[in-house]
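This report covers a salt bridge, the surroundings of a ligand and a surface patch.

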Amino acid sequence: MSEAVYPGSLDPITNGHLDLVNRANRIFDRIHVAVLENPSKDPLFTTERRVELIKSVTDEIESVSVGHFDGLLVEYVQQRGSDVILRGLRALSDFEYEFQMSMMNKRLAQNVETMYMMTDEDHSFVSSSLVKEVAEYGGDVSSLVPESVERALKSEFEDYN
Ligand code: PNS
């Protein structure tokens, strides 16, 4: 069984992330979405809430599981018995960061491969940070995130709206 680990801050999951999970699900037997516990990045949603939101939109896909990790990603991947990290690539601007991360992960664990998929063009400009910014000021994010995430954003920012 091939499993790809799809890691990220996912604060929160967007339609771009979800599209990638669905497309990768046709290639790998299993996709494990791994949320980074990153209090230093001051996330909007707690790790538990981010995991819950991802579960709410992937629940019906049997081959998709969700977890969270801290520490080194490659260690988490290896602990799961997996050897593939899946990442999405949007614009050229993602490349430098992704290149460095994949090289570092390769240095740390030779047997773990990072595989990239281009994001769908509809979602090429969508990022969790921009979605949060738009939602914070009351903008419409309904085409950018799943409904449950839109509701969660609204309740986080209800003081503004
Ligand atoms: O969605 P993000 O924030 O771009 O995801 C970044 C992530 C979670 C993939 C990256 O920060 C990560 O792997 N962090 C875990 C710590 C680690 O393994 N660092 C060394 C690899 S560069």
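In this predicted model, Arg30 and Glu3 form a salt bridge through their side chains, with 3.4 Å from N to O. Arg30 belongs to strand E2 (residues 30–36) and Glu3 to strand E1 (residues 3–8), so the pair ties together parts that are 27 residues apart in sequence. The structure holds 10 salt bridges.

The ligand takes up the space of the largest pocket. The residues around the ligand are Gly8, Ser9, Leu36, Lys41, Phe69, Gly71, Leu72, Leu73, Arg87, Tyr97, Met101 and Asn105. Helix H4 gives the most to this shell, with three residues. Helix H4 spans residues 93–108.

Polar atoms of three residues of the protein are listed below with their distances to an oxygen atom of the ligand.

| Residue | Part of the residue | Distance to a ligand oxygen atom |
|---|---|---|
| Lys41 | polar side-chain atom | 2.9 Å |
| Leu73 | backbone N or O atom | 2.8 Å |
| Arg87 | side-chain N or O atom | 3.0 Å |

Taken alone, the ligand exposes 550 Å², and the protein buries 76% of that area.

On the surface, Leu72, Met104 and Leu108 make a nonpolar patch of about 280 Å². Of these residues, Met104 is placed in helix H4, the helix that gives the most residues to the ligand shell. Leu72 is a member of the patch and is also one of the residues that surround the ligand.

Key: Residues numbered from 1 in each chain as written. Predicted model: local features only at pLDDT ≥ 70, side-chain atom pairs only at ≥ 80, totals over all residues. Heavy atoms only, no water. Patch = residues over 30% accessible without salt bridge, like charges linked within 9 Å, V, L, I, M, F, W, Y side chains within 5 Å. Areas by Shrake-Rupley, 256 points an atom, 1.4 Å probe, with all protein chains shown as cover. Salt bridge = Lys/Arg side-chain N within 4 Å of Asp/Glu carboxyl O. Helix = DSSP H or I, 4+ residues; strand = E, 2+ residues; numbered from the N terminus. Near = heavy atom within 4 Å. Polar contact = N/O pair within 3.5 Å; in protein donor to acceptor, adjacent residues only side chain to side chain. 1 Å grid on protein atoms, 1.4 Å probe; cavity = no way out; pocket = protein on both sides within 12 Å on 5 of 7 lines; lining within 4 Å. Sits in = over half its atoms within 2 Å of the grid points.
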